[in-house]
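Let's walk through this structure together, one region at a time. Keep the model open beside you as you read.

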Amino acid sequence: MVKCACSLDLNGIPCLSKIQLEKYGERVLRDFSPAVLKEPQATNLDSLISKYMGFNFEYQYLSHNQAYLGITIFNDTDSMPVYDPYLKRAEFISVKKNTIIIEGTLAESSHLEHRERFTQGHEIAHGLLHSEYFQWKAETIEQSDNYEGIYSQTFIPDLSEVDTYGRQLQGEAWLEWQANYLSAVLLMPKSTVKKLKNITEPTGSPLWHFDLAREMVKIFKVSEEAARVRLQSLGYWPTSY
C-alpha cells in the first residue's frame, strides 16, 4: 500500500493541500488498479478496502437515525456502540483495528448507493491518511469516547471559503476536509474526468457541464452534487453557475 509522505502540524494532523491529495490519490489508484486512470469507470471500493488496504469491512447500524454514516476504527475495542433495530437500543460490539464500518441502512436501498460509495471513499481516505494521527492521539491524549476511530456524520460543511490547504479549518475538521477531497479523487480521477470533459464540451451545448455531471453520475456511481463539486474543484464548472 502506497504511503502518503507529508509533514504534521503541532496537533499531529497531516498538512496536505489539494495538489498533494490529487497526486497521492492518483498514486494509490495506479498501484491498485491502473485501468481506473485510463478509462472512465467506477472504482471497486470493496476491493480497495479489503485487498489493497488489508482492512476489514462490515455494515452495522451505527445509530437509530443515520446520525453517523461511517466510522474507521484504528485500535482494537470491545466497546463499539451500535444500534440494534430489533431491540431498539444501543449494544456494544468488539471490533478489530483497521476496520471500516458503513451504516447498514445505506446498503438496503439502491437510492442510497451514491451516498454509500462516497462514505466508503471517505472512510478509505481516513484509513490511508490518518492512522498515525489516531495512534498518536490514543497514546498522548486523554481517552475520549471515540478515540478508537473517527465517525463520519451526515452533514456536509460549507467548504467554499477553504483554501487549497484547508487551513481555515481547525482540528479534526481539517481531517474531514482531507477525507472528502481524497474520496472525490478516488471516485472521480482527474484523468478520466478530463476524458469525459473532452467528449462532452465540444458538443456546443451551453449546458454541456450539466451533461458532463450526469454522465459522471452514471459512470462513476456518484451523486450529482459530488460530481458538481468535483468539477468545481478541477475548474471545469463555469463560475456563472
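The second largest cavity has a volume of about 50 Å³, and please keep in mind from the outset that the model is predicted. Where the count is limited to cavities of 30 Å³ or more, there are 2 of them. If you look around the walls of the second largest cavity, you will find Glu22, Gly25, Glu26, Leu29, Leu37, Val185, Pro189, Lys190 and Ser191. Two elements, helix 1 (18–32) and helix 6 (190–200), each give at least two residues to this lining. Helix 1 has the largest share, with 4 residues. Sorted by class, the walls of the second largest cavity hold 4 nonpolar, 2 polar and 3 charged residues.

Stay with helix 1 for a moment, and follow its packing against another helix. Two packed helices are described by the angle between their axes and the distance between the axes. For helix 1 and helix 2, the axes come within 12 Å and the crossing is at roughly 80°. Angles of 65 to 115 degrees count as roughly perpendicular, so helix 1 is roughly perpendicular to helix 2. On the helix 1 side, the contact involves Val28, Asp31 and Phe32, and these meet Ser47, Leu48 and Tyr52 in helix 2. The classes in this contact of helix 1 with helix 2 are 4 nonpolar, 1 polar and 1 charged.

Helix 2 now leads us onward. Which way does helix 2 lie relative to helix 3, roughly parallel or roughly perpendicular? Helix 2 (residues 45–52) and helix 3 (residues 113–129) have axes 10 Å apart, and they pack at an angle of about 25°. Because angles under 35 degrees count as roughly parallel, helix 2 and helix 3 are described as roughly parallel to each other. Their crossing is left-handed. Leu45, Asp46, Leu48 and Ile49 are the helix 2 residues of this contact, and their partners in helix 3 are Arg117, Gln120, Gly121 and Ile124. By class, the contact of helix 2 with helix 3 comprises 4 nonpolar, 2 polar and 2 charged residues. You may have spotted that Leu48 of helix 2 takes part in the contact with helix 1 and also in the contact with helix 3.

From helix 3 we can move to an open space. The second largest pocket contains about 280 Å³ of space. It is lined by 15 residues, and those closest to its centre are Cys4, Leu128, Leu129, Ser131 and Glu132. Helix 3 and helix 4 (131–140) are the elements that contribute two or more residues to the lining of this pocket. That lining consists of 9 nonpolar, 4 polar and 2 charged residues.

One more helix pair completes our tour. Helix 7 (residues 208–220) packs against helix 8 (residues 224–233) at an angle of about 125°, and their axes are 9 Å apart. Helix 7 and helix 8 are therefore oblique to each other. Helix 7 passes helix 8 in a crossing that is right-handed. Helix 7 brings His209, Leu212, Ala213, Arg214, Met216 and Val217 to the contact, while helix 8 brings Glu224, Ala227, Arg230 and Leu231. Here the residues fall into 6 nonpolar, 1 polar and 3 charged.

Note on methods: Residues numbered from 1 in each chain as written. Predicted model: local features only at pLDDT ≥ 70, side-chain atom pairs only at ≥ 80, totals over all residues. Heavy atoms only, no water. Axes fitted to C-alpha atoms, helices over the stretch in contact; angles between N-to-C directions. Parallel < 35°, antiparallel > 145°, perpendicular 65-115°, else oblique. Left-handed = near helix turned anticlockwise from the far one by under 90°. Contact = heavy atoms within 4.5 Å. Nonpolar A, V, L, I, M, F, W, Y, C, P; charged D, E, K, R; others polar. 1 Å grid on protein atoms, 1.4 Å probe; cavity = no way out; pocket = protein on both sides within 12 Å on 5 of 7 lines; lining within 4 Å. Points joined across faces, edges and corners; volume = space filled by probe spheres on them.
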